[in-house]
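Reader: Could you walk me through this one? I'd like to start with the packing and then go to the sheets and helices.

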Amino acid sequence: MSQSIITQIEVQNLFNRFSYKLPASSLFSNAAILYGDNGVGKSTILRLVFHLLSPAGNRGHRTALRSIAFKLLTVTLNTGVQFKAERLAKSEPSGYAEGPMRLSVEKDGKLICEWNYAPNRDEFVYYYGEDTETALANADFREYLLAQDIEPAKLPSAAARKIAAKYRHKALNDGVKRGERAYTEVLGELSPTMFYVNAERRLDSDAVVDPSDELELRRAFTHNELKRINDLVTRAREIALSQALASASRWVQRRAVQSANQGSTNVHSVYANVLNHLSNDYNRGSSPKSPSDFKVMTKQLEDIEVRTKQFAEYEIATALDMTAFIAGLKSSSNEQRELSSELIKPYIESLSSRLDALDQIYQILHRFVKNINQFLTGKKIVYKLTHGFSIQTPDKKLEPSQLSSGEQQLLLMFCYALTARDRPSVFMIDEPEISLNVKWQRQLLQALSEITSGSDIQFILASHSLELISQHRDKVVKLENTQ
């Protein structure tokens with residue numbers, strides 16, 4: 001994995017009791033483990049950061065933020081961007097789980113966007129009073145009108161409209177984007193893709209289709225086809241895993257096609273060079289090859305045979321037998337060897353170009369399959385380009401519902417870690433040790449690191465697992481209250 005994406009998280013008055021600067025005196029690594037006693041807010045911090053950095057306007061992110069008691073939340077990225085959520089609370093103590101909230105984005109210390117979020121007008125009546133003219137004397141209320149993009153013409157009195165119009169004209173020329181639409185657009189541009197795995201093993205992300213949207217689950221709710229809530233939770237998890245496997249399959253197929261197209265472009269260049277060389281050799285007369293030249297070409301053919309067999313395991317290339325070509329280079333006749341080498345050389349170069357273009361997706365796919373299979377017993381994950389991912393035993397194919405909860409959890413995380421490679425992404429994972437045996441807990445972070453190698457992905461975990469903590473002491477961030 002590369003450098004960290006989120007470098008620091010700061011929260012004030014969490015539950016009106018705790019304030020943290022995480023890490024206290026350094027920056028987050030590309031994988032970090034939040035550790036602390038029960039009830040100090042580890043899981044809540046993961047949720048807060050997930051919802052703060054997720055831009056979708058229809059998945060309850062702002063509602064979830066507002067439902068948790070805190071005064072100020074700040075998340076800093078390695079790009080110099082800071083995302084903040086701050087309560088606009090009255091001076092008298094009323095707690096921080098109510099009232100409007102200012103959401104803002106800063107870049108290198110300069111405010112670039114803000115939105116004063118409040119679900120309904122009654123909150124602002126409570127905070128600023130019914131008299132709009134009096135309320136306009138309050139800077140927070142003026143900021144609210146602007147950030148909500150409320151036009152002065154919509155205010156109830158001429159005096160209020162005049163005050164608001166004057167303030168709006170001044171503020172609209174300060175270069176700061178305001179309002180819900182502007183905020184969510186800036187958030188979508190500057191924040192990483194966020195994933196959150198909660199303690200119930202549900203994965204949430206704007207990049208993931210909600211399995212509860214599935215027709216099957218809606219029918220279950222409306223027609224009572226499943227009688228127990230546990231049945232719905234279990235079925236939702238199975239659907240989520242099926243979606244994850246399908247999403248991972250499509251991602252690999254897309255990357256394989258892109259690589260194959262690049263390989264075709266490379267072959268085109270190879271043959272243009274070959275034509276040029278042949279023309280030059282014809283005019284100058286080609287020099288005879290030495291025995292070492294034939295050995296080099298033989299080794300190249302042997303390597304191509306090995307690589308095509310490896311790639312054929314996943315159907316991203318066809319296995320090729322190079323026996324006849326190698327025999328041609330080992331002929332007892334010098335003339336025949338020279339002719340064979342001239343014919344084989346462009347073939348070797350074109351195949352090598354194709355395989356080089358496919359090598360990256362092969363390496364990513366192979367690491368993914370190898371790391372998952374080290375967790376599985378009596379079964380394995382298999383990938384074929386024509387069919388995608390499947391889970392198989394020696395004698396049959398398994399459905400996601402036939403896997404244990406721990407296996408489902410691992411596959412879900414690993415599949416989305418694979419598909420998240422295309423842009424900076426952060427996985428917030430709450431108590432990953434749930435449903436995982438001791439051996440799996442020890443292997444988890446290393447496996448995730450290998451699967452995401454070469455990508456811009458960060459993992460932040462909240463855990464009590466001594467196995468995880470002892471294996472990765474350098475990644476542990478202890479929650480210490482600064483209040």
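Author: What follows is a talk through a predicted model, beginning with its cores.

Reader: Which residues have the most contacts inside the largest nonpolar core?
Author: Those are Phe368, Phe389, Phe414 and Phe427, in a core that has 69 residues. Helix α12, residues 334–373, gives the largest share of this core, with 12 residues.

Reader: And what is Phe389 in contact with, leaving aside its neighbours within four places in sequence?
Author: Its contacts include Leu365, Phe368 and Val369, and also Ile381, Val382 and Tyr383. Among the others are Leu245, Ala248, Val252 and Leu418.

Reader: What about the other core, how many residues does it have?
Author: That core lies apart from the one around Phe389 and has 46 residues, among them Ile9, Leu14, Ile45 and Ala85.

Reader: Back to the region of Phe389, in what order do the three strands of the open sheet come?
Author: The order is β11-β12-β13, with antiparallel pairing. β11 (380–384) and β13 (397–398) stand at the edges with a single partner strand each, so one side of each has no neighbour in the sheet.

Reader: How many bridges are there between β12 and β13?
Author: Strand β12, residues 388–392, pairs with β13 over two bridges in the antiparallel sense, and Ile391 stands opposite Leu398 in β13.

Reader: Where does α12 lie relative to that sheet?
Author: Helix α12 lies across β11 and β12, and runs at about 160 degrees to β11.

Reader: How far apart are the end C-alpha atoms of α12?
Author: They are only 50 Å apart although α12 has 40 residues, which is short of the 58 Å that a straight helix would reach at 1.5 Å a residue. The helix also has a kink of about 40 degrees, centred on Asp359.

Reader: Changing topic, which residues of α7 are buried?
Author: In α7, which covers residues 180–190, the buried ones are Ala182, Tyr183, Thr184, Val186 and Leu187. They pack against the helices α1 (42–53) and α2 (61–66), and against the strands β5 (81–87), β6 (101–107), β7 (110–117) and β8 (177–178).

Reader: Last one, then: is β2 mostly covered or mostly exposed?
Author: Strand β2, residues 18–22, is mostly covered, with four of its five residues buried. It pairs with β1, residues 6–14, over four bridges in the antiparallel sense, and Ile9 stands opposite Leu22 in β2. The hairpin of β1 and β2 has three residues between the strands, and in this hairpin Phe15 takes a positive phi near 55 degrees.

Conventions
Residues numbered from 1 in each chain as written. Predicted model: local features only at pLDDT ≥ 70, side-chain atom pairs only at ≥ 80, totals over all residues. Heavy atoms only, no water. Core = buried A, V, L, I, M, F, W, Y, C linked by side-chain atoms within 4.5 Å. Buried < 20%, exposed > 50% of the residue type's maximum accessible area, 1.4 Å probe, protein only. Contact = heavy atoms within 4.5 Å. Pairing = 2+ DSSP bridges. Axes fitted to C-alpha atoms, helices over the stretch in contact; angles between N-to-C directions. Expected span 1.5 Å × (residues − 1). Bend = angle between axes of the 7 residues up to and from the residue.
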